[in-house]
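Dear colleague,

Please find below the structure for your attention. My findings follow directly after it.

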Amino acid sequence: MIGYAPGSEVSRVVPAFISREDEVDRLVWNPLCINNLAKYLLDYRHEPGKVAVVVKGCDSRAIIRLLQDNQISREKVIILGIPCPGLINPDLVAARLDPGAQITVAAVSEQDFSLQTGEGTFTFARDEALLKKCRDCEQHTPVIADFMLGEEIPPNDPGDPFVAVKTLEELPVEERSAYWDKQFSRCLRCYACRNVCPACTCRECVFDQAEPCWVAKANNLSENTAFHLIRAFHVAGRCVDCGECDRVCPVNIPLSLLNRKILKDIKDLFNVPTPGTSLEELPPLGAFTNSDPDEFM
Amino acid sequence: MEAYTISRDNLRTWLDTLARDYTLIAPVREEETVSLFKPVRGFAEINLGYTNSTVSPKGWLFPQTEEMFFFSTSDGQITLADAQTPGPAVLFGLRPCDIKGILALDPVFNGAYQDCYYQKRRQDTILVGLSCTRVERHCFCTSMGGGPTDGEGADLLLTEMDDGYGIEVLTPRGEELVNRYQQYFDADRENRVIPAREELGKKLARQFTRNVDTTGVKEFLDQHFELPYWGELARRCLGCGICTYICPTCHCFDIFDQSPDGESGVRSRCWDSCMFSHFTRMAGGHNPRPTQKERVRNRFLHKLKYHRDRYNLDGCVGCGRCVTRCPVNIDIRQIIADLQEVARHD
Ligand code: SF4
Ligand code: SF4
Ligand code: SF4
Ligand code: SF4
Ligand code: SF4
């Protein structure tokens, strides 16, 4: 079973893998449970037995995606959905709580997050502390689950989630280009954004191929840009907007802005919800219909 | 050796001058939480208020991508041409842990095997250290034999004081640099600089949130290669390269050629990571580190055992970067503590 356990500091929670009943006590659920655990299902594809996984609203879309791509079979996975009221920015927690403390009780209300440790109760105003991706979240309740652990939270209307994309779209092309050049030039090509992404499931990734060498290992603006554009196109229509790539990037490249631009274009073109929202609705770029206008053929 | 003081105004002018006379590499604030070492044109671009940079400054001495030589072929002959090497440089504002990181790289590139690329850059680069002014929650340099005001390895060490900066000259090369710009410095006649740094060191020593004890860890690892613990860590490791790319002591690289026409081109080397699945994959497909378990084990054995075996130096300087940035909280401080625990039960 894949869930969350306390990490090495009060502000961190880690993916936990448990296989015995007496380990259940290690598991926690609190507003710091940020990692999308669905990606780990891939590691258990060929292992015997079933695997249970804890998912929040955003992560649950990744499960649908993996099922739709036949990456994992439905019988193999037990989905433990947790309706998620939103997560807290871990940096704020780290700044106020003693790193060695343990959170014993966590509560989230309309106004604030409250975390209790041995040293007392700490509250954080929700407006300031809520993660940006949670602010834009439509589906706090997982879209698929075998067991729903908690009361369902009604769908949310976050307003327009594409404000930042539109602001960028309006800039003259030179400025847009300069903006991305500045971002891509500091990419380390550590590939954390790929390794964490539930839309990245290729057995051999194009960026690991030496023959032919699609993108050179050389770290420079041109190769880095090629890497980012190829990756963005490869996850187009399959990115479930879980925000993990954004979170893990060590040099804060705003990957959500890039992936959301494509998400927005696909929504505009095909009038579909975010990929992974429904098991029946296939990703627009991964499905075939006879009514396809084939404009470019 | 000698100590001097420099006023804030003079520091500004000195750095502007250094940027004209040398390639000046200094910490720059790129984004709200990202600072990087980059070539700068003057003081205005530098941010001295950082604690440690997001990526370590090792990239100046060992660039992420470095051209080694150019080649061209004609009439069955091959012609080689040297790649350009940068000239004299000043690496300014290095935190003590990063200077120690350079000391950990030296025997790798400048020991039994002489690496001409690293050696050239190292010889041409003056290292100017800067004592820390605060300790971040991931810092644990004192546990790894360093300290936030420890200048070992630098040519000059700057320490912020109330009315400017103190400068300690630590090597003849540092002395030359100070002599060249005498006009900006005042001799430390009242001997204020060293006491000020020691005072700051004591104050900062109290700010560390977590200390680790490495005693016995290497000896335990000498005896135990197989541990179920590595498998447990590996389950959550994503196999990304963040921890190795941002680390001041990691130094693996890969060599590759680029030749668009197949006749001429460039041979370069670039950072590689033992955390990548294809890092040890050989021609024919065999991989001696077939799963993430072997890779995670390799990384920590390198930090805590192999580097010591080879060079009698820790492979970790306690900068805490990998602790901050690992997306799944694989925390070397915790690993050291866990290994102590496992050793106790052995
Ligand atoms: S995580 Fe960030 S630095 Fe690493 S490859 Fe992705 S964009 Fe580049
Ligand atoms: S591209 Fe980023 S946001 Fe989209 S599914 Fe992958 S990790 Fe999640
Ligand atoms: S330890 Fe963390 S940073 Fe390093 S490869 Fe594993 S997941 Fe990535
Ligand atoms: S292993 Fe981590 S803490 Fe140690 S020197 Fe490298 S990045 Fe810093
Ligand atoms: S690890 Fe030590 S030397 Fe490095 S930044 Fe932190 S306090 Fe300074």
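In this predicted model, strand 6 (residues 89-94) of chain B pairs with strand 7 of chain B in the parallel sense, over five bridges. Within strand 7 of chain B, Leu127(B) stands opposite Leu91(B). Strand 7 of chain B also pairs with strand 8 (residues 156-161) of chain B, again in the parallel sense, over three bridges; there, Leu156(B) is the bridge partner of Val128(B).

Strand 7 (residues 125-130) of chain B is mostly covered, with six of its six residues buried. In a regular strand, side chains alternate between the two faces of the sheet. Both faces are covered in strand 7 of chain B: Thr125(B), Leu127(B) and Gly129(B) are buried on one side, and Ile126(B), Val128(B) and Leu130(B) on the other.

Turning to helix 11 (residues 332-344) of chain B, its 13 residues should span 18 Å at 1.5 Å a residue, and the end C-alpha atoms are indeed 18 Å apart. Its buried residues are Ile332(B), Arg333(B), Ile335(B), Ile336(B), Leu339(B) and Gln340(B). These cover an arc of only 165 degrees around the axis, so they lie on the same side of helix 11 of chain B. They pack against helix 6 (217-223), helix 7 (228-236), helix 9 (292-311) and helix 10 (321-325) of chain B.

Finally, ligand 1 is surrounded by 14 residues, of which the closest are Cys187(A), Cys190(A), Tyr191(A), Cys193(A) and Cys249(A). By class, this shell has twelve nonpolar, one polar and one charged residues. Helix 7 (192-195) and helix 8 (221-234) of chain A each supply at least two residues of the shell.

Yours sincerely

Methods
Residues numbered from 1 in each chain as written. Chains lettered and ligands numbered in written order. Predicted model: local features only at pLDDT ≥ 70, side-chain atom pairs only at ≥ 80, totals over all residues. Heavy atoms only, no water. Helix = DSSP H or I, 4+ residues; strand = E, 2+ residues; numbered from the N terminus. Expected span 1.5 Å × (residues − 1). Buried < 20%, exposed > 50% of the residue type's maximum accessible area, 1.4 Å probe, protein only. Arc of directions from axis to C-beta. Contact = heavy atoms within 4.5 Å. Near = heavy atom within 4 Å. Nonpolar A, V, L, I, M, F, W, Y, C, P; charged D, E, K, R; others polar. Pairing = 2+ DSSP bridges.
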